[in-house]
Amino acid sequence: MNYLWQIHLIYGVGLFVVGTVVGSFLNVCIYRIPWEKSVIWPGSHCFRCLHAIESRDNVPIFGWLFLRGACRNCRAPISIRYPAIELLVGLLFLGVYLVDGVLPREYVRDDLTLMMKVLYHVILVALLVAVTFIDADLTIVPASITNLGIVLGLAIGAAFPEIRPEPSHASTHLGGLWVGLKGLFVGAALIGTIRTLGTIAFRREAMGIGDIHILAMIGAFLGWQVAAVTPFLAACVGLVPALWKLTIFLAKWISGRKYNSSDREIPFGPYLSVAALILMMAWPWAWPGALKFYFDTFSMLFWFVLGQDG
Ligand SMILES: [Zn+2]
């Protein structure tokens, strides 16, 4: 009798629960870090009556459900975004476990490697979720988060050089550090280039410095190949809301109603984050399945053009 699925179930559910608790902490970070407030003190409280949230109401997802979305003291509504982010992070943690632990194609050397791989990926999930919601709310990317991410990506990647995805594996600590640094520089340089070209073409700032930091962090974690693909996938992800806006515009135009365009700049950071998460989850299949071919072809052309055949 094989008990493997029971073990997977316990770890999977465990990671989901841990994810909701981390999501609860990220809610605090998302509201406080932009204002440079402490994320530890004071505890959570109602925004209207300042009544402290009791620990029995502070249980992720369920606390909000028990309170039916309102403060226990003054019945002021509590945004559904709180339990939604807790659920989202729980599901992403579960997804990381499925991709790393349950469906792996590559041979995982031992349990410590798997554990570190899962930890490495859930740390990136937490950082990207925090950055995404702050960027979406305020169009700022706190450097305190991305700098922490870059340090963690480089340090853990150097300590456990084999946990990065193919072909960013390394066998030595120095090799792991080098892979992370290459990813950091490619990520930063790529957004820097797009930003410069865009600024020249559109005569206004095309992308923020924050986007450079986000892709540098992604590169430090996942290697330069992932960093190179992320902006292109992000542009595709960004098409979905753009097409949605266009549909509304056309519908209103056809029906003769006035279209009140919100001129608010749509930040690119959230799309970078979503693209990086998709790539992180899909990479074990996308790389050998398709992407490796494109990278090989591109590098062959590159060296051919430079006249250094091979
Ligand atoms: Zn209240």
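Which helix is the place of F62? The place of F62 is in helix α2, and since this is a predicted model, the answer, like the rest of this report, describes computed coordinates.

## F62 and its surroundings

With 14 C-beta neighbours inside 10 Å, F62 counts as partly exposed, because a residue is called buried if 20 or more other C-beta atoms lie within 10 Å of its own and exposed if 12 or fewer do. The C-alpha atom of F62 is separated by 8.0 Å from that of P83, although the two residues are 21 positions apart along the chain.

## The chain as a whole

The secondary structure of the protein chain comes to nine helices and zero strands, and read along the sequence it follows the pattern α-α-α-α-α-α-α-α-α. Along its principal axes the C-alpha trace spans about 75 × 65 × 40 Å. A compact globule of 310 residues would have a radius of gyration near 19 Å, and the 22 Å of the protein chain agrees with that value.

Of the 310 residues in the protein chain, 34% are buried. Among the contacts with a separation of 6 or more, 69% join residues that are 24 or more positions apart.

## Two helices in detail

Helix α1 has 29 residues and reaches 42 Å from its first C-alpha to its last, close to the 42 Å expected at 1.5 Å a residue. The buried residues of α1 include L15, G19, T20, V22 and G23, and also L26, C29 and I30, while what covers the buried residues of this helix includes α3 and α4.

Helix α6 has 30 residues and reaches 43 Å, close to the 44 Å expected at 1.5 Å a residue. Its buried residues are G176, V179, G180, G183, L184, G187, A188, L190 and I191, and what covers them includes α5, α7 and α8. After α6 comes R203, whose phi is positive, near 55 degrees.

## The largest nonpolar core

In soluble globular proteins, nonpolar side chains tend to be buried together. In this model the largest nonpolar core has 62 residues, of which V125, A130 and L215 touch the most other members. At least two residues of this core are supplied by each of α1 (4-32), α3 (81-102), α4 (111-138), α5 (143-159), α6 (173-202), α7 (209-222), α8 (224-254) and α9 (269-305), and the largest share, twelve residues, comes from α4. Because domain 1 (1-103) and domain 2 (139-258 + 266-290) both give residues to this core, it lies between them.

One of the residues that touch the most other members is A130. Leaving aside its neighbours within four places in sequence, A130 is in contact with L26, C29, I30 and I145, and of these contacts L26, C29 and I30 are among the buried residues of α1.

## Where the domains meet

The domain assignment of the protein chain gives domain 1 (1-103) and domain 2 (139-258 + 266-290), and the C-alpha centres of these two domains lie 25 Å apart. The contact takes five residues from domain 1 and seven residues from domain 2. By class, the side of domain 1 that touches domain 2 has four nonpolar, one polar and no charged residues.

## I33 in a loop

The place of I33 is in the loop between α1 and α2 (62-66), and with 19 other C-beta atoms within 10 Å, I33 is partly exposed. Leaving aside its neighbours within four places in sequence, I33 is in contact with V39, I134, P142, S144 and I145. Of these partners, P142 is 109 residues away in sequence, yet the C-alpha atoms of I33 and P142 are 7.5 Å apart in space.

## Backbone details in the loops

Most residues other than glycine have a negative phi, and most peptide bonds are trans. The peptide bond from W41 to P42 is cis, with omega near -5 degrees, and P42 is found in the loop between α1 and α2. The peptide bond from E166 to P167 is also cis, with omega near 0 degrees, and P167 has its place in the loop between α5 and α6.

Although I61 is not a glycine, it has a positive phi of about 60 degrees; its place is in the loop between α1 and α2, and with 18 C-beta neighbours inside 10 Å, I61 counts as partly exposed. R75, in the loop between α2 and α3, has a positive phi near 60 degrees, and with 14 C-beta neighbours inside 10 Å, R75 counts as partly exposed.

Notes
Residues numbered from 1 in each chain as written. Predicted model: local features only at pLDDT ≥ 70, side-chain atom pairs only at ≥ 80, totals over all residues. Core = buried A, V, L, I, M, F, W, Y, C linked by C-beta atoms within 7 Å. Helix = DSSP H or I, 4+ residues; strand = E, 2+ residues; numbered from the N terminus. Domains from an automatic or database assignment. Contact = placed C-beta atoms within 7 Å. Expected span 1.5 Å × (residues − 1). Nonpolar A, V, L, I, M, F, W, Y, C, P; charged D, E, K, R; others polar. Rg over C-alpha atoms; globule rule 2.2 N^0.38 Å.
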